[in-house]
Amino acid sequence: MTGSEKLYDLTVFGATGLTGKQIVRHIFELFRDHPEFYPAGFHWAIAGRNEATMEKIIDEMTDYFPSGLKFKPAIVIADVTKKESLDSMAGHSKIVINAVGPFRFLGEYVVRACVENKCDYVDVTGEPEFVERMQRTYQDKAVKNNVTIVHSCGFDSVPTDMGVLYVKNLFAQNKWTLSQIEMYLRLHTGNSGTRVGFATFESAVHGFGSAELLREIRKASTLAKLPPPQGRKLKFHKQATKDEEFGYHVPFIFADPSIVRLSQQIFLSGLAEPNTKKPGVSIPPPTQFAAYILLPSFYIVILYYIMGAIFTFLASSPWGRNLLLSNPEKFSGGLCSKEHPTQTQLNETSFEIILRAKGYDQSVTPDASIEPNVTEKVVVRGPEAGYVSTPRLVLQCALSVLNNKKLGYIPNGVLTPSTTFWETDLIERLRYVGITYDISR
């Protein structure tokens, strides 16, 4: 089907899972608060294996959001193991939000269905090996079929990837030369603590187990390599370090550094060019990037390394991964669990991402021997990362594709957030749903 013939503007696949259900909830919530965000005549669907469970979710949402009675989604039966059901789902949808993981095992089936049936796609994966494998495998066919595949549209990795883009634009507006960006993640929790969902823990376990495969994918990549740095080389702290401004930090071990790296390679390779270019907008230049997690005390640093050593050792073998997945709470200090986080925990948790950027103003020619003479800090803030911010982020990404692709501002291909949305107003729209980008001076 062509776009004009498709039944649904948007389909949420995996609507009965915890993340999928939260995405469905936020679609109703946004319709109540900002119906103008949806295109005229918007029709949508939820997809999964169990029709009765999906009907129950719709009833629950329309009870909680009475205004949603005229906004009810259709139900689509789709199973990731049944090719014809995925083809039918993609064939009837303009864009699919995929919330079914682990993506390295289940994601490619959905990507293939969308590419072959000319359906755009966004997901919430935080698995670099999957993302880079899909980029290498489906880039050319996605372009040929005028399809946009956007990975990592949740907390992994929209806040950071779009934040790096925000910083690059800030430096360009001031005619400064950007040399380096350091990212620091700080989580804020309340008295009830916080909890990471089992799906996130499962992805991390398998991610450590596939590190060698990711290295092989990168060796075979035909994307442009990053150029030498402009100015002073950025020192990356491989061990726990105490920053004078932010305190103790350790290397960020999740997806953001990989996504930022991939974004810069996609830009350099000329694969992020949309059909329509806005005047005065140019491809953002590459920069050095390092990412860290902030820890509140030296005691927590010690605990982090003890738990990390155990996790790394076990994740390196099949029997160890099985042990980790059978006992998530024991091997995460109670942080990860098969139990869902409580509403109190969700309400009390928030995140803060600090992007400290350094470069040179027009009075200085960048050189490795010269210290940067310009520093800017951009802070990205939002509510709980996994189950509150992620639904808001991925829905805004999906709507941005729907609203901007027909205008020519969305490239085709297998992309990352910044390479997809660099000519859109995504950052401005995120402010309406509580995710903000601000300059901190």
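**View 1. Val-122 of strand 5 has Val-150 of strand 6 as its bridge partner.** This is a predicted model, in which local features need pLDDT of at least 70 and side-chain atom pairs count only at pLDDT 80 or more, while totals for chains, interfaces and linings use all residues. Residues are numbered from 1 along each chain as its sequence is written, and side-chain values use heavy atoms, with hydrogens and water left out. Strand 5 covers residues 120-123 and strand 6 residues 148-150, and two bridges pair them in the parallel sense. Strands here (E, at least two residues) and helices (H or I, at least four) are DSSP runs numbered from the N terminus. Two strands count as paired if DSSP finds at least two bridges between them.

**View 2. Seven strands make up an open sheet with parallel pairing.** Reading across, the order is 3-2-1-4-5-6-15. At the edges sit strand 3 (74-77) and strand 15 (413-415), each of which pairs on one side only. On average, neighbouring strands of this sheet are turned by 20 degrees against each other, direction ignored. Helix 1 packs on the sheet, where it touches strand 1 (8-13), strand 2 (44-48) and strand 4 (93-98). The direction of helix 1 makes about 145 degrees with that of strand 1. Axes are lines fitted to C-alpha atoms, for helices over the stretch in contact, and angles run from 0 to 180 degrees between N-to-C directions. Contact means heavy atoms within 4.5 Å.

**View 3. Here is strand 2, with its neighbour strand 1.** Strand 2 is largely enclosed by the rest of the structure, because five of its five residues are buried. Buried means under 20% relative accessible area, exposed over 50%, and partly exposed in between (1.4 Å probe, protein chains only). Trp-44, Ile-46 and Gly-48 point one way from the strand, and Ala-45 and Ala-47 point the other way. Strand 1 runs parallel to strand 2 and is joined to it by four bridges. Opposite Ala-47 in strand 2 stands Phe-13.

**View 4. Phe-13 and Leu-10 touch the most other members of the largest nonpolar core, which has 108 residues.** A nonpolar core is a set of buried Ala, Val, Leu, Ile, Met, Phe, Trp, Tyr and Cys residues joined through side-chain atoms within 4.5 Å. Helix 13 gives the largest share of this core, nine residues. Not counting residues up to four places away in sequence, the contacts of Phe-13 include Ala-47, Leu-86, Met-89 and Val-110. Apart from this core lies another, of 10 residues, among them Phe-311, Leu-314, Leu-325 and Phe-331.

**View 5. Helix 1 (residues 18-33) packs against helix 13 (residues 385-405).** Their axes are 9 Å apart and make an angle of about 65 degrees. Among the residues that meet are Leu-18, Ile-23 and Leu-30 of helix 1, and Tyr-387, Val-394 and Leu-399 of helix 13. By class, this contact has nine nonpolar, five polar and one charged residues. Ala, Val, Leu, Ile, Met, Phe, Trp, Tyr, Cys and Pro count as nonpolar, Asp, Glu, Lys and Arg as charged, and the others, Gly among them, as polar.

**View 6. Leu-165 is found in helix 6 (residues 158-173).** With a relative accessibility of 6%, Leu-165 counts as buried. Leaving aside neighbours within four places in sequence, Leu-165 is in contact with Pro-284, Ser-418 and Trp-422.
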